[in-house]
Amino acid sequence: MNVTEAKDILDKIRTNVEKVIVGKAEAINLVLICLICNGHALIEDVPGLGKTTLVSAIAESVDCSFTRLQFTPDVLPSDVTGFTMFDLKTNERQFIPGAVMTQILLADEINRTNPKTQSALLQAMQEGQVSVDGITYDLPRPFAVMATQNPVELTGTYSLPEAQLDRFLMRISIGYPEKNDERQILERNREKISVANLEAVTNAETVTKMQDLLDKTICTDLISDYIIDISRKTREHKEVLLGVSPRGSISLMRAAMGEALLNGRGYVLPDDVHKMLEPVLAHRIILRSKAYAQKNTVPTILQEIKQQIAVPAVK
């Protein structure tokens, strides 16, 4: 597979998903980048904007196994990872797979479950495997966690810890539709157009090939140094309590590589880094209380940092 072929496949996936998600090409692109980067996405927005539909449409388009786990306070870690039980007929221990044993896991309303269950996803998200009763099980490829959460509801929710937030490649917001887009949504609802009507345009093997192709995308030393400078500035900023970790730098580099591949290029440009700044870094930064009092926001500080660093001239 080459870059042109990968771009054509990604365009087909986007077009297919847009049959049920109207006017949100940017959000679709970000989820696709997460998928080809072998990363995970946290989709955060108010109810009713199509978070679950977006993930379901992506899974249907790429013909991947798909599991939706509705997180509630009574969901147990074993529901996520699986558990071992003793089979009386065979006198052997039998592993019962959990929801994570799939290619695309929709962790719906992830902030409604307790921290112990949330942490059951950490190993799977970082290492692509889970350990149950001392035995390690590999997860299928591709594997992606697409989690959703509602930012305005507080009752019965548990904030995601920084360690888990850092494992999401991006935090994505869908946003309200424009008037014309909402009119199309109503028309398609009357015509009964839904995810069930979608057909796959590619398969899991092709997605894996695109992930392998991403590793061949060129990210020059100039671009790498640019990414490092941005991360270091977040750690030194006077209004930032917790800056971007090295994992955040890696995530920004890989997301920029994904943006390049999405646009049919085998090399990264500074513009690719700029587009990925907010979705990749914003959820990894914690501001001091003084910054909130002055009504500063993480996106504002990221833009300020971007203006302070010279953009490399890449040929």
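This report walks through a sheet, a hairpin and one arginine in a predicted model.

## The parallel sheet

Let's begin with the open sheet, which has five strands in the order 2-5-8-1-9 and pairs them in parallel. Its edges are strand 2 (66–70) and strand 9 (170–172), each of which pairs on one side only. On average, neighbouring strands here are turned by 20° against each other, direction ignored.

For a look inside this sheet, take strand 1 (residues 41–44) and strand 8 (residues 144–149), which run parallel and share four bridges. If you would like a residue pair to display, I43 has T148 of strand 8 as its bridge partner.

## The antiparallel hairpin

Strands of a sheet pair through backbone hydrogen bonds, in either a parallel or an antiparallel arrangement. The antiparallel sense appears between strand 3 (residues 82–87) and strand 4 (residues 92–97), joined over six bridges. Here M85 is partnered by Q94 of strand 4.

Four residues lie between the two strands of this hairpin, and N91 adopts a positive phi near 55°.

## Arginine 265

Our last stop is R265, located in the loop between helix 11 (246–262) and helix 12 (270–281). Is R265 buried or exposed? R265 counts as buried because its relative accessibility is 16%, and the cut-off for buried is under 20%.

What does R265 touch, leaving aside residues up to four places away in sequence? The contacts are V3, A260 and D272. Within the loop's own neighbourhood, a polar atom of the R265 side chain lies 2.9 Å from the backbone oxygen of Y267.

Terms used. Residues are numbered from 1 along each chain as its sequence is written. This is a predicted model: local features need pLDDT of at least 70, side-chain atom pairs count only at pLDDT 80 or more; totals for chains, interfaces and linings use all residues. Side-chain values use heavy atoms; hydrogens and water are left out. Buried means under 20% relative accessible area, exposed over 50%, partly exposed in between (1.4 Å probe, protein chains only). A polar contact is a pair of N or O atoms within 3.5 Å; within protein, one must be able to donate a hydrogen and the other to accept it, and residues adjacent in sequence count only if both atoms are side-chain atoms. Contact means heavy atoms within 4.5 Å. Two strands pair if DSSP finds at least two bridges between them. Axes are lines fitted to C-alpha atoms, for helices over the stretch in contact, and angles run from 0 to 180 degrees between N-to-C directions.
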